[in-house]
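Reader: I have a new structure on my screen and would like some help reading it. Where do I begin?

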Amino acid sequence: MIRLFWMRHGESTWNVAGREQGRTAHPPLTERGRAQVVAAAHTLEESGVTAVVCSPLVRARESADLVAAHLGLDVVEDPLLVERGLDETVDDVLERIRTFVARQPLDSTLVVSHGDLIAYAHALLTGSTPSLPANAEVRVTVS
């Protein structure tokens, strides 16, 4: 049994502006976004998280670095965790998620990614309806 903790990145400057971020834009976190991530890190202290994996996009990496520093862990980037591209279907994203989950050898991994990918991952792994997580929200799946 593998528990994955899925966390959306903290609020970015483009979240505030209501702009589509995509894969190529690299807006940083806001002060509020950093505070959201630090608060999430505190909630993860007793969770048993043993590894941190993240999307290579700046807002996710910055979020992962903050949590990992708080938990005393290193961060590994995985390009499978980027948000949905304009050229991708939902099925394409679901296949990336399946590939990522299938090769996760570690229990209690924190996965820092993007709202759309986490919504699809949580739905896929729990049988629920996809719903967008809030910034720095953590959802847990067991597979």
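Author: Let's go from the whole chain down to single residues. Keep in mind that this is a predicted model.

Reader: Okay, which helices and strands should I look for, and in what order?

Author: Start by listing the elements. Here the protein chain has five helices and five strands. Read from the N terminus, they go β-α-α-β-α-β-α-β-α-β. With a radius of gyration of 14 Å, close to the 15 Å of the globule rule for 143 residues, the chain is as compact as a globular protein of that length.

Reader: What are the dimensions, and how much of the chain is buried?

Author: The C-alpha trace spans about 40 × 35 × 25 Å along its principal axes. Of the 143 residues, 50% count as buried. The accessible surface is about 6,800 Å², and carbon and sulfur atoms hold 55% of that.

Reader: How do I tell what share of the contacts links residues far apart in sequence?

Author: Take the contacts with a separation of 6 or more and look at the sequence distance in each. In this chain, residues 24 or more positions apart account for 67% of them.

Reader: And the charges, how many are there of each sign?

Author: Count the side chains, then compare where the two sets are centred. You'll find 13 positive and 19 negative ones, with the centres of the two sets 3 Å apart.

Reader: Now the strands. Where do the side chains of a strand point?

Author: In a regular strand, they alternate between the two faces of the sheet. Try β4, where Thr109, Val111 and Ser113 point one way while Leu110 and Val112 point the other way. All of these are buried. Since five of the five residues of β4 (residues 109-113) are buried, this strand is largely enclosed by the rest of the structure.

Reader: Which strands pair with β4?

Author: Follow the bridges on each side. Strand β1 (residues 3-8) runs parallel to β4, joined by five bridges, and Trp6 stands opposite Val111 there. Strand β2 (residues 51-54) also pairs with β4 in the parallel sense, over four bridges. In that pair, Val53 has Val111 as its bridge partner.

Reader: Does β1 run parallel or antiparallel to β5?

Author: Antiparallel, with five bridges joining the two. Trp6 turns up again, this time opposite Arg139 in β5.

Reader: Is Arg139 buried or exposed?

Author: The cut-off for buried is under 20% relative accessible area. Arg139 has 10% relative accessibility, so Arg139 counts as buried. Beyond its neighbours within four places in sequence, Arg139 is in contact with several residues, including Leu4, Phe5, Trp6, His122 and Pro133. The C-alpha atoms of Arg139 and Val111 are 9.7 Å apart, with their places 28 residues apart along the chain.

Reader: What do the other side chains of β5 do?

Author: Again, check each face in turn. Arg139 and Thr141 point to one face and are buried, whereas Val138, Val140 and Val142 point to the other and are not.

Reader: What about phi angles in the loops?

Author: Look for positive values in residues other than glycine. Ser108 has phi near 65 degrees; this residue sits in the loop between α4 (90-102) and β4. Ser108 is buried, with a relative accessible area of 4%. Ala136 also has phi near 65 degrees, and lies in the loop between α5 (115-126) and β5. At 9% relative accessibility, Ala136 counts as buried.

Methods: Residues numbered from 1 in each chain as written. Predicted model: local features only at pLDDT ≥ 70, side-chain atom pairs only at ≥ 80, totals over all residues. Heavy atoms only, no water. Rg over C-alpha atoms; globule rule 2.2 N^0.38 Å. Buried < 20%, exposed > 50% of the residue type's maximum accessible area, 1.4 Å probe, protein only. Contact = heavy atoms within 4.5 Å. Areas by Shrake-Rupley, 256 points an atom, 1.4 Å probe, with all protein chains shown as cover. Lys, Arg positive; Asp, Glu negative; His and termini not counted. Charge placed at Lys NZ, Arg CZ, Asp CG, Glu CD. Pairing = 2+ DSSP bridges.
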